[in-house]
Amino acid sequence: MAQTRSSAPSNNGIQRDIGTLWSLTRGESSARCVLLALPVGLELRVVMDGSILRSEHCDRHDQAFTLAERWRDRMLDRGWSRLRA
């Protein structure tokens, strides 16, 4: 993965989990991409084994979905696999 980025905390600390956009696995590790609604905009996070690896603020839903696809594709190129239910 690339460098870890953290977004600035929201003004009042309120964030709402919208859901998981994708889940991947590699060996014993699992990673998922979570979309959060903030008071101003959205935050996209890659969480691996309970730790936030990467996060980025997005102003619009389409930006968040495009970024999530780019992150997923990069991880798939690096040997991760889609998590099968």
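Let me start with one pair: Arg32 has Val47, in strand E3, as its bridge partner. Keep in mind that this is a predicted model.

That pair belongs to a longer ladder. E2 and E3 are antiparallel, with seven bridges between them. The two strands form a hairpin, and four residues sit between them. Look at Gly41 there: its phi is positive, near 90°.

Now the other side of the story, E3 with strand E4. E4 covers residues 51-58. Again the sense is antiparallel, and seven bridges join E3 to E4. One pair to find on screen: Leu44 has Glu56 of E4 as its bridge partner. This hairpin has two residues between its strands. In the turn, Asp49 has a positive phi of about 50°.

So how enclosed is E3? Six of its seven residues are buried, so the rest of the structure largely encloses this strand. Buried here means under 20% relative accessible area.

Next, the core. In soluble globular proteins, nonpolar side chains tend to be buried together. Here, the largest nonpolar core has 16 residues. Which residues have the most contacts inside it? They are Trp22, Leu42, Leu44, Val46, Trp71 and Met75. We met Leu44 a moment ago, as the partner of Glu56.

Where does this core come from? Four elements give two or more residues each: strand E1 (16-26), strand E2 (29-37), strand E3 (42-48) and helix H1 (61-77). H1 gives the most, with five residues.

To recap. E3 pairs antiparallel with E2 and with E4. E3 is largely enclosed, and H1 is the top contributor to the largest nonpolar core.

Terms used: Residues are numbered from 1 along each chain as its sequence is written. This is a predicted model: local features need pLDDT of at least 70, side-chain atom pairs count only at pLDDT 80 or more; totals for chains, interfaces and linings use all residues. Side-chain values use heavy atoms; hydrogens and water are left out. A nonpolar core is a set of buried Ala, Val, Leu, Ile, Met, Phe, Trp, Tyr and Cys residues joined through side-chain atoms within 4.5 Å. Buried means under 20% relative accessible area, exposed over 50%, partly exposed in between (1.4 Å probe, protein chains only). Two strands pair if DSSP finds at least two bridges between them.
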